[in-house]
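Please find below my notes on the model you sent, set out as numbered points. They move from charged pairs to buried positions and then to the annotated domain.

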Number of protein chains: 2
Amino acid sequence: MDQIKLNRHISGQFNAELEHVRNQVLLMGGLVERQLQDSLTAMMKSDVELARKIIEDDRKVNGMEVRIDEECARIIAKRQPAASDLRLIMAILKTIADLERIGDCAERIATIALDKKLDPSSSMLVNLDGMGQQSIRMLHQTLDSFARMDVDAAFRVHKKDGEIDQSYEALLRQLMTYMMEDPRMIPNVITVLWAARALERIGDRCKNIAEYIIYFVKGKDVRHTDLTDMSN
Amino acid sequence: MDQIKLNRHISGQFNAELEHVRNQVLLMGGLVERQLQDSLTAMMKSDVELARKIIEDDRKVNGMEVRIDEECARIIAKRQPAASDLRLIMAILKTIADLERIGDCAERIATIALDKKLDPSSSMLVNLDGMGQQSIRMLHQTLDSFARMDVDAAFRVHKKDGEIDQSYEALLRQLMTYMMEDPRMIPNVITVLWAARALERIGDRCKNIAEYIIYFVKGKDVRHTDLTDMSN
C-alpha cells in the first residue's frame, strides 16, 4: 500500500492506525522469521539453550497475533472501513493467522532440537537444512511483498511453493531409503521427516499470504484458483 | 447466538444477513464432516470412485469459504457491526479458515486411498480408523457448539483434543515398531503415518474453532491461554 493511497483518507488518525497495524504485522513477521532461522540453527547444532528460547518466544508471537486481531476489530468498529481499507484489514487478519502457524512450525523444530541429538554432518540433516533455508528465503520474500504490497513479488512467491514441494519429495525418498537400509535409524529418520513436513507447510503458508496480498491489491479473491494467467 | 440477541437489531434485514451467513458456515461444516467420513471409508475399503468424488468435492468446500468471506466483508462494509455482531463475524472468518483446512485433510486421506491399496484388516488400519472416528465425533461436537453458540460445549471440545493426541502417540509408537520389525512395510506404514498426522491436526483445528466460539460468547480472546480455570 503506497503513501498515495493512504493519503486519500480525510482522517490522518485513520491513516496512522492502518499504518500502525501494518507495521505490527511486519514486526510479527520479523520475529517469526528469526524464530525459524534459530530453530534450524538449534537443530543443526543441537543447541538446547537456543531451542528453549525459541519455545519461550513462541508466546510472544501468539501474543502479537491476539493484539493485532484486537486492533483490527477496533478499527472496523470505529472507522467502518470499506473497499481497499477493508480488504487490507481482511488480508491482515488472515496473514497473521498464517504467520502464527509458521511460528508453531519453528517451535516444533525447536522441540525436536531439544529432544534429540542428531548428527549434523549426516546427509539427511544437510538436505533438511537446505530445505529450511529455502523456506526462510520464501518467508522473507513474502514479508517483503507484504511490506510493499507488491503484487508482482506476491506472484513470484506463489510460484516458488512448487520448488519447496520438490525438495520435500526428494528428501522424503531419501529418508525412506535410509529407513529400509538400516531399520535402527527409523526413530531418528522419523524425527527428520516431521521437521521436513513442518518446513514444507511453511511454503503453503507463504503461498496463502501471497494470495491475501493479491486479494488486497487486485480486489479479487484468488484462493483456490489457478494463477498461471493472472500474473500477466 | 440466541434469538434474543438477534432481535435487538432494529434492522430485520441485518438479522437475516447474519443468520444467513451463520447457516452457510453450518452447511460448509456439514459438507466437510461428510468429506471426512467418506475419506475414511474410501481408505478402509480402497474405494477409488469415492476417493475421486471427495477430491472433486473439495473444490465445493473451497468455494464456500471464499463466498462466506465475501459475505462477511459485505456485511462489515454495509452494516458497520460493533460489539457482539463484529465478534460473530470475526469468529466466522476464522472458523471457515479452519473448516477449509479440515477439508484439505479429508482430501489428503482420499488421495492416499487413491494411490495405495492398504489391507483394511491390518491392526494399524483398524487403529487409524478408530482415531478417524474420534476426529469425526470431535468435529461433529464442534459444529454443534457453533450452531448453538454453546460455550460450555465449546469448553468440552477444547478438552477433547488431548484424547486425540493420545491416540495419535499410541498409533505412532505402534507404527515405529512395525517398521523396525519389517522394513519392507515402511512405505505403507509411512502412508498410514501421514493419514494419522492429518487426523491429529483435525483435533487442533476443532480446538481452534472452540476458541472462536468462546471468544464470541465471552468477548475474550482465549487463544494461547490455559483454559483450565475459565470454564468454571
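1. Over all chains of this predicted model, a search of the whole structure finds 24 salt bridges. A few of them are taken up here, beginning with a network in chain A that links A:Glu17, A:Lys78 and A:Arg79.

2. Two pairs belong to helix H3 of chain A, which covers residues 48-79. In one of them, A:Asp57 forms a salt bridge with A:Lys53, and the closest N and O atoms are 2.7 Å apart; the two residues are four places apart in the helix, about one turn. The partners differ in their surroundings, for A:Asp57 is buried at a relative accessible area of 6%, whereas A:Lys53 counts as partly exposed at 46%.

3. The other pair in helix H3 of chain A is A:Arg59 with A:Glu56, whose side chains meet in a salt bridge at 3.0 Å, N to O. Because these residues are three apart in the helix, about one helical turn separates them. A:Arg59 is exposed, with a relative accessible area of 60%, while A:Glu56 counts as partly exposed at 45%.

4. In chain B, B:Asp182 forms a salt bridge with B:Arg184, with 3.0 Å between the closest N and O atoms. B:Arg184 is exposed, at a relative accessible area of 71%.

5. A:Glu33, in helix H2 of chain A (residues 12-45), deserves a separate look. Which side chain of opposite charge is nearest to A:Glu33, and how far away is it? It is that of A:Arg34, at 9.2 Å, and A:Glu33 therefore has no salt bridge although it is buried, since such a bridge requires the nitrogen and oxygen to be within 4 Å. Leaving out residues up to four places away in sequence, A:Glu33 touches A:Leu139, A:His140 and A:Leu143.

6. Helix H6 of chain B (residues 151-181) can be checked against its expected length: at 1.5 Å a residue, its 31 residues should span 45 Å, and the end C-alpha atoms are 47 Å apart, which agrees. At the N-terminal end of this helix, B:Asp150 acts as a cap, with a side-chain oxygen lying 3.0 Å from the backbone nitrogen of B:Asp152.

7. B:Val192 lies in helix H7 of chain B (residues 186-218) and is buried, with a relative accessible area of 1%. Not counting residues up to four places away in sequence, it touches B:Leu118, B:Met124, B:Leu125, B:Leu128 and B:Leu175. Its C-alpha atom is also separated by 10 Å from that of B:Asn127, a residue 65 places apart from it along the chain.

8. A:Ala210 sits in helix H7 of chain A (residues 186-218), where it is buried at a relative accessible area of 1%. Apart from its neighbours within four places in sequence, A:Ala210 is in contact with A:Thr142, A:Ala154, A:Val157 and A:His158. The C-alpha atoms of A:Ala210 and A:Gln141 are separated by 9.6 Å, although the two residues are 69 apart along the chain.

9. As for annotation, an unreviewed UniProt entry places the feature "domain: PhoU" at residues 26-112 and 130-213 of chain A. Residues 26-112 of chain A are 94% helix and 0% strand, with end C-alpha atoms 27 Å apart. For residues 130-213 of chain A the figures are 93% helix and 0% strand, and there too the end C-alpha atoms are 27 Å apart.

Technical notes: Residues numbered from 1 in each chain as written. Chains lettered and ligands numbered in written order. Predicted model: local features only at pLDDT ≥ 70, side-chain atom pairs only at ≥ 80, totals over all residues. Heavy atoms only, no water. Buried < 20%, exposed > 50% of the residue type's maximum accessible area, 1.4 Å probe, protein only. Lys, Arg positive; Asp, Glu negative; His and termini not counted. Contact = heavy atoms within 4.5 Å. UniProt positions renumbered as here; feature names shortened; annotations may be inferred. Expected span 1.5 Å × (residues − 1). Polar contact = N/O pair within 3.5 Å; in protein donor to acceptor, adjacent residues only side chain to side chain.
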